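Hello,

Here is the structure I promised to pass on to you. Please have a look, and then read my notes underneath.

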Amino acid sequence: MGVKGGCQVSKGNLAQRNEVCCHNRSSRSCRLEPESKMLEKIQKAVTIRSDTVRELLAEALGMFILMVFGLSSVAQVVLGRGDFGQHLSINLGFGIGVTLGIHAAGGISGAHLNAAITLTHCILGNLPWRKLPAYLIGQFLGSFMAAATVFGLYYDALYNYTKGNFTVTGPTATASIFSTYPAPYVSLLGGFFTEFTATVMLLLGILIIHDEKNNGALKGTQALLTGILVLGIGLGMGMNTGYAINPSRDLPPRVFTAIAGWGMDVFTAGHHWWWVPLTAPILGSLAGVFIYKLFIDFHNQPVPESGNEKGQPVVETSTL
């Protein structure tokens, strides 16, 4: 009798516990449901449907990532007086920034991250001209904000290094942390040719990496290889001018330094150097595309699968 009663009590307790558990679960779901609805409302409110605006934001974030890595590496080398990195550190910083920037923006905007490349796409008809302003605004916004971020990050070190006197030239010059300037021995023509040639190599490399009709890179490796490409350009062509190869990399930080305390000297230094990183990369980008098409693309059209001109079956040959 006692055992039977005990069983009945156990069953009753079990049922009671199940009811409590169910009640607790329903209570939690009741508590979470309004929160999830709120998150949905927030998501709906902030989600952007316009493709153009989404591309603008993607270019801005990709450029911000690229420039924060790049500019902070320059700042650490300059302000650390060589104790916290050398020229290779800068090359690696920009290479890593390019790789991550492409991963961030590639699926949305194509990750141009370079006004010269965007303009080239428009000229070739790959991008509608109406989207050019959005791409440029996004790139310039991201680059400007990156300069401001690095300035804030290293403000104390900047002040300690310069004693509060921000200069463009001289033994404690720091403007080159943010924008490129030619070496003292480089003429304006020599600097222009350097930037032009470096950008030609950039575009040739990008086209080689992405040309699926030729020996293009494996899918998923393009961002890494583009970062390595920029690393190589810095290693081989960075001494004369700092390898801007990108108007979006150079002009917005230059504008920021003019506002932040370096003054208008950022536009007059180096024989008014500021216009060279704007024009030479654009011409170099167009020349790089023309060279690749002239030497490779125009002559490498896919063969029709149905057969050759004589009606014979197509025989695949080794790429070796």
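Below is what I found in it.

This is a predicted model, in which local features need pLDDT of at least 70, side-chain atom pairs count only at pLDDT 80 or more, and totals for chains, interfaces and linings use all residues. Residues are numbered from 1 along each chain as its sequence is written, and side-chain values use heavy atoms, with hydrogens and water left out.

On confidence: pLDDT is the predictor's confidence in each residue, from 0 to 100. The protein chain averages 88, and 83% of the residues score at least 70. Over residues 1–11, however, the pLDDT is below 50, and this stretch has zero contacts (heavy atoms within 4.5 Å) beyond near neighbours in sequence. Where pLDDT is low, the predicted coordinates should not be read in detail.

Now the inside. The largest nonpolar core (buried Ala, Val, Leu, Ile, Met, Phe, Trp, Tyr and Cys residues joined through side-chain atoms within 4.5 Å) has 49 residues. Buried means under 20% relative accessible area, with a 1.4 Å probe and protein chains only. Helix α2 (residues 51–79) gives the largest share of this core, ten residues; helices here are DSSP runs (H or I, at least four residues), numbered from the N terminus. Leu79 is among the residues with the most contacts inside the core. Leaving aside neighbours within four places in sequence, Leu79 touches Tyr154, Ala157, Leu158, Tyr161, Thr174 and Ile177.

Two loop residues other than glycine have a positive phi: Ala111, near 55 degrees, and Ile245, near 45 degrees. Ala111 counts as buried because its relative accessibility is 11%; Ile245 does so at 6%.

Best wishes

Terms used: Buried means under 20% relative accessible area, exposed over 50%, partly exposed in between (1.4 Å probe, protein chains only). Helices (H or I, at least four residues) and strands (E, at least two) are DSSP runs, numbered from the N terminus.
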